[in-house]
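Me: Please take one part of this molecule and examine it closely, residue by residue where that helps. I should like a single connected account, with each term explained as it arises.

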Amino acid sequence: MKTALLFIMPLCVIAAIMIPLFVSLKRMKAGKPVNRKRSVIANVASFFGVLVVMTILPITGAFAEATEAANAALGLGDGLKYIGAALSTGLGSIGTGIAVGGAAPAAIGAVSENDKAFSKALIFVALGEGVAIYGLLISILILFG
């Protein structure tokens with residue numbers, strides 16, 4: 001029973017978060033007007049509702065056996081290792097988004113004016129993408145090093 005619950009619970013969480021998106025897409029496909037502000041509010045509300053439910057369930061002991069087994073297997077060092085890996089990947093991806101968000105439009109503008117600037121523009125966009133690769137590499141080294 002516990003194994004089935006541990007398998008079904010993440011699927012229910014994903015479904016609860018995605019329901020407002022599916023409703024909006026269905027309305028758009030049917031040609032009905034979609035209130036985008038209402039859709040975003042519904043999606044944020046469903047996300048935080050799921051967050052609250054997933055926070056309350058471990059407190060009530062619904063997953064006590066799995067939590068105890070995980071706590072016994074992992075120590076403080078392992079937890080800090082996972083946090084470090086998550087931070088290096090997450091912050092590297094955010095940095096890549098900022099870099100590519102500024103470089104890509106400039107590259108498109110430069111290429112539209114001069115076709116010979118394509119290779120130089122591509123280099124600047126690729127340098128921004130490298131930040132994410134470095135963050136992922138650091139995460140792999142932290143986890144398996």
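Reply: The part chosen here is helix H5, whose buried residues are Ala121, Val125, Gly128, Gly130, Gly135 and Ser139. Buried denotes a relative accessible area under 20%, exposed one over 50%, and partly exposed anything in between, with a 1.4 Å probe and protein chains only. This is a predicted model, in which local features need pLDDT of at least 70 and side-chain atom pairs count only at pLDDT 80 or more, whereas totals for chains, interfaces and linings use all residues. Residues are numbered from 1 along each chain as its sequence is written, and side-chain values use heavy atoms, with hydrogens and water left out.

The setting comes first. The protein has 5 helices and 0 strands, and its pattern along the sequence reads α-α-α-α-α. Helices (H or I, at least four residues) and strands (E, at least two) are DSSP runs, numbered from the N terminus. Of the 145 residues of the protein, 16% count as buried. Among contacts between residues at least 6 apart in sequence, 67% join residues at least 24 apart; a contact requires heavy atoms within 4.5 Å.

Helix H5 comprises residues 118-144. Its 27 residues should span 39 Å at 1.5 Å a residue, and this agrees with the model because the end C-alpha atoms are 38 Å apart. The expected span is 1.5 Å times one less than the number of residues in the helix.

The cover over the buried residues of H5 includes H4, and the cover over the buried residues of H4 includes H5. Helix H4 occupies residues 76-113; its 38 residues should span 56 Å, and the end C-alpha atoms, 55 Å apart, agree with that value. A kink of about 25 degrees is nevertheless found in H4, centred on Val100. The bend at a residue is the angle between axes fitted to the seven residues ending there and the seven starting there. Val100 is also one of the buried residues of H4, together with Ala85, Ser88, Gly92, Thr96, Ala103 and Ala107. An α-helix has 3.6 residues a turn, so residues three or four places apart point the same way.

Which residues of the partner helix does Ser139 touch? Beyond residues up to four places away in sequence, Ser139 touches Ala85, Ser88 and Thr89. Ser139 counts as buried because its relative accessible area is 4%. Two polar interactions belong to its side chain. One reaches the backbone oxygen of Ala85 at 2.8 Å; the other is a polar contact of 2.4 Å with the side chain of Thr89. A polar contact is a pair of N or O atoms within 3.5 Å; within protein, one must be able to donate a hydrogen and the other to accept it, and residues adjacent in sequence count only if both are side-chain atoms.

Gly135 also lies in helix H5. With a relative accessible area of 9%, Gly135 is therefore buried. Apart from its neighbours within four places in sequence, Gly135 is in contact with Ser88 and Thr89. Both of these residues are also touched by Ser139. Gly135 and Ala85 are 50 residues apart along the chain, and their C-alpha atoms are separated by 8.5 Å.

A further point of approach involves Lys81, which lies in helix H4. Leaving aside neighbours within four places in sequence, Lys81 is in contact with Ile142 and Leu143. Lys81 and Leu143 are 62 residues apart in sequence, yet 6.6 Å apart in space from C-alpha to C-alpha. Lys81 is classed as partly exposed because its relative accessible area is 25%. Lys81 also lies over the face of Tyr82, at 5.6 Å from the ring centre. A charge sits over a ring if NZ of Lys or CZ of Arg is within 6 Å of the ring centre and within 35 degrees of the ring normal.

For contrast, another serine may be considered. Ser24 is located in helix H1 (residues 2-29). Its relative accessibility is 10%, and Ser24 therefore counts as buried. Ser24 touches Val34 and Ser39, not counting residues up to four places away in sequence.
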